[in-house]
Amino acid sequence: MNNKLEIVGIDHGWSNIKTANTVFTTAVSHIANEPGVFDNILEYEGKYYSIGGKRLMVKDTKVTDDNFYLLTLAAIAKELKTRGIYNVDIFLSVGLPLTRFGAEKENFIKYLSRKKEVVFKFEQETYRINIIKVSVFPQCYAAVSDRLSQYGRKHIIVDIGSWTIDLMTIRNMTPELSECDTRPMGLITCMHSINKECVAKFNSEIDEAELEYIMKTGMCEMNDKYRNVIESELKKFTDKVWNMLREFKINTDVTPITFVGGGAAVMKMYGDVEGNNISYIEDVKANAKGFEYLAKAFMISKSRRGVFNG
């Protein structure tokens, strides 16, 4: 193996898998026979899998089947390809919502650590990896971990993902556990509301990929009847988020608030609340980059104490 330890951060969303340099849909399907085209094809233990397409259905946990393990291998391959590396030792850095962190951490580590040495192919390129360590860090916190020194005594982080919204209060650079919460009201729920209205009014739905594009860019080239429904439901969604913050007795007029995740762009474009205290991190890869930042900090801390041995 390559003597250099590569840190690979992966954000396992229900809609998209993100690494520091790549984003792809959370979708995997088994292919019975060798395909004729190998774009986004994973070959693992003699079987072929197509990566990407229509996302997986949301479940209670991501460790009940092999899907997210296979998606992890694809994410590693995509990220290593950007670095020009195919044979390497890996420190895998991933995340969970802070409120589920303690309950799910060990199972997630065990799930991703099932094999230490893994050989697989992605798009016909062979990857040989040795998973030295798997660490799990709190998502939401990870997205802002490299800028905590810029925050004052109190700062609210709102991570709007595909399925959940994570709310985190940071005091003096440290998460206040008693003031953190996770709600199952992410962007997928908003897309469900949009399509529910479209079915009721027009007896048709809009592809989620199109809705994701609109949420990301604010650009909608559909005719007015669909555009009006989309914009109305997005406005309702942002109102729900602001009302949630008020439920937690957060003064949205003066308390510093930073939105992160895929929903940051939605809040910026469709939310009515403005102010110098409100900021947005629109990079959907922010958590994945944060996982790498935290893993590097962990390694530096351990090496200074002479205790990091993988």
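How far is the sulfur of C180 from the closest cysteine sulfur, and in which residue does that sulfur lie? Select C180 and C140. The gap between their sulfurs is 7.5 Å, too far for a bond. Keep in mind throughout that this is a predicted model.

**Stop 1: the cysteines**

Stay on C180. The residue is buried, with a relative accessible area of 12%. Now select C220 and C198. The sulfur of C220 has its closest cysteine sulfur in C198, at 9.8 Å. That is again too far for a bond, because a disulfide needs the two sulfurs within 2.5 Å. C220 also counts as buried, at 17% relative accessibility. Across the structure, the disulfide count is zero.

**Stop 2: the nonpolar cores**

Select I129 and F259. These two have the most contacts inside the largest nonpolar core, a set of 76 residues. Next, colour residues 67-83. This is helix α1, which gives the most to this core, with 10 residues.

Then select A143, M168, I281 and A286. They are among the 21 residues of a second core, separate from the one just shown.

Go back to F259 and show what surrounds it. Leaving aside neighbours within four places in sequence, F259 is in contact with V158 and I160. V241, W242 and L245 touch F259 too. So do A264 and M267. The list ends with I278, S279, Y280 and I281. Two of these partners, V241 and W242, come up again at the next stop, in α5.

**Stop 3: α5 against α6**

Colour residues 224-247 as α5 and residues 263-270 as α6. How are these two helices oriented to each other? They pack at an angle of about 105°. Angles of 65 to 115 degrees count as roughly perpendicular, and α5 and α6 are therefore roughly perpendicular to each other. Their axes lie 9 Å apart.

Show the side chains at the contact. From α5, pick E231, L234, K235, F237, T238, V241 and W242. From α6, pick V266, M267 and Y270. By class, this contact has seven nonpolar, one polar and two charged residues.

While on α5, select S232, which lies in this helix. S232 counts as partly exposed, at 33% relative accessibility. Add I194 and draw a C-alpha to C-alpha distance. The pair is 38 residues apart in sequence and 8.6 Å apart in space.

**Stop 4: α4 against α6**

Keep α6 coloured and add helix α4, residues 208-217. The angle here is about 60°, and the axes are 7 Å apart. These two helices are therefore oblique to each other.

Select I214, M215, K216 and T217 in α4. They meet A265, V266, M269 and Y270 in α6. By class, the contact of α4 with α6 has six nonpolar, one polar and one charged residues. V266 and Y270 of α6 also take part in the contact with α5.

**Stop 5: E212**

Finish on E212, which lies in helix α4. Is E212 buried, partly exposed or exposed? At 27% relative accessibility, E212 counts as partly exposed. Show what E212 touches: S15, N16 and M191, not counting residues up to four places away in sequence.

Last, select N251 together with E212. The two are 39 residues apart along the chain, and their C-alpha atoms are separated by 30 Å. For S232 and I194, by contrast, 38 residues in sequence go with 8.6 Å in space.

How values were computed:
Residues numbered from 1 in each chain as written. Predicted model: local features only at pLDDT ≥ 70, side-chain atom pairs only at ≥ 80, totals over all residues. Heavy atoms only, no water. Core = buried A, V, L, I, M, F, W, Y, C linked by side-chain atoms within 4.5 Å. Buried < 20%, exposed > 50% of the residue type's maximum accessible area, 1.4 Å probe, protein only. Helix = DSSP H or I, 4+ residues; strand = E, 2+ residues; numbered from the N terminus. Contact = heavy atoms within 4.5 Å. Axes fitted to C-alpha atoms, helices over the stretch in contact; angles between N-to-C directions. Parallel < 35°, antiparallel > 145°, perpendicular 65-115°, else oblique. Nonpolar A, V, L, I, M, F, W, Y, C, P; charged D, E, K, R; others polar.
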